[in-house]
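Let's take a walk through this fold, one piece at a time. Have the structure open and follow along.

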Amino acid sequence: MSAVVLAGLLLLIARPGAAHPAPVSYLDLLLSASGADGSLVLHDLDVVHDLGISPPESIQDPAVAQRHRDQLTRLIDTRLEILLGGESATLQWRGIETLPDRQSVRLTFRLADARPAALRLTARLFPYDPTHQTFVNIYEDGDLRHQAILSDQRRSMDYYAGSWQGKTAVLAVFIPAGIEHIVGGLDHVLFLIGLMLLGGRLSQLATIVTAFTIGHSITLSLAALDVLSPPASIIEPAIALSIIFVGADNLLVYRDKAQRPRDIRPIVAGVFGLVHGFGFATVLKEFGLPAAALGWSLLSFNVGVEIGQLAIVLAAAWALARLRARNERLGRQMVVAGSVIVMVAGAYWFGQRVFFPPG
């Protein structure tokens, strides 16, 4: 008897679940030389809920669907945005079609009269349901190139076309992002300046920069591709320690240069470059890596980092060289004072990141 009761209870629980459709919409974008078109498949339950249609099943009548088409497209216009070249595109809505076998309706639209190089899509189609998802498929010349799922947790995505115009768009986004990060990241800047304080021939400085570039390029790629991703709680304090190390090493070398005939700064730059690369990758991931243009976005971001890095190194090396040429004694004092400042800043960041991490 108890087994029968249990089976009945399971049926009562299972029936509503089986009758409740998956909270999913489907957005297809078709890109070609003649332009861009799209279709949007929406479940009846979501449509009738937000439009207040009664009885709900009436939406499957083509005449009823057509009567509510404009109301539905006005609603979607407030919840779906597609940016082309940074500007919001106007969706030219076309027909509406009922899909009884899928308990859905399909809207079609025209997006552009030329193939877009890049687009950014933001969708939150049915906010009343926090579990609702939008499945996105992007086709180029009939071939499926990219898929994504948008939800309350991820509302936007970027896509770059496979054409040269698409690659140019990637360069235009990720090179400035790399420059901004290295120039705006005070910890990375101080690490580089710390390496420059002792000066040296141009070939020495070039070797240091090259070692740092090789180091951070390796780990940036590994982390961005999710091959190896140490947590920020380890990487950020380690970056601070690298700054302390550089400042302390400068003071030791300056105090007794005869005991260190070999310049180890390239080794320091290469080893700690591996650590800094993980820090760069954290920012790059937060920025968003487009899966369809992963290689180009990685390359572009790295190029941006190198441009910013060279600007910092050249400026610091030139300023320090000028200072030494004008006043050798003041130049020596700058090595000591600068190294102490680097160490104090590194110690501050280390304490902050270990004992007072963000969040």
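**Helices and sheets**

Start with helix α2, residues 44–51, which lies across two strands, β2 (35–43) and β6 (104–112). Measure its direction against β2 and you get an angle of about 85°. Then find helix α4, made of residues 69–77, which packs on the sheet and touches β2, β5 and β6. The direction of α4 makes about 115° with that of β5. Keep in mind that all of this is a predicted model.

Now for the sheet itself. It is open and has six strands, and reading across you go β5-β6-β2-β1-β8-β9, with mixed pairing. At the edges sit β5 (92–99) and β9 (143–150), each of which pairs on one side only. Going from neighbour to neighbour, the strands are turned by 15° against each other on average, ignoring direction.

Look next at β1 and β8 in that order. Residues 24–32 form β1 and residues 133–140 form β8, and the two pair in the parallel sense over eight bridges. For a landmark here, pick out Tyr26, which stands opposite Phe135 in β8.

There is another sheet to visit. This open one has four strands in the order β4-β3-β7-β10, and its pairing is antiparallel. Its edge strands are β4 (87–88) and β10 (156–160), again with each pairing on one side only.

Which strand pairs with β3 over five bridges? That's β7: residues 80–84 of β3 and residues 118–123 of β7 run in the antiparallel sense. You can spot this pairing from Leu80, which stands opposite Ala123 in β7.

How values were computed: Residues numbered from 1 in each chain as written. Predicted model: local features only at pLDDT ≥ 70, side-chain atom pairs only at ≥ 80, totals over all residues. Heavy atoms only, no water. Pairing = 2+ DSSP bridges. Axes fitted to C-alpha atoms, helices over the stretch in contact; angles between N-to-C directions. Contact = heavy atoms within 4.5 Å.
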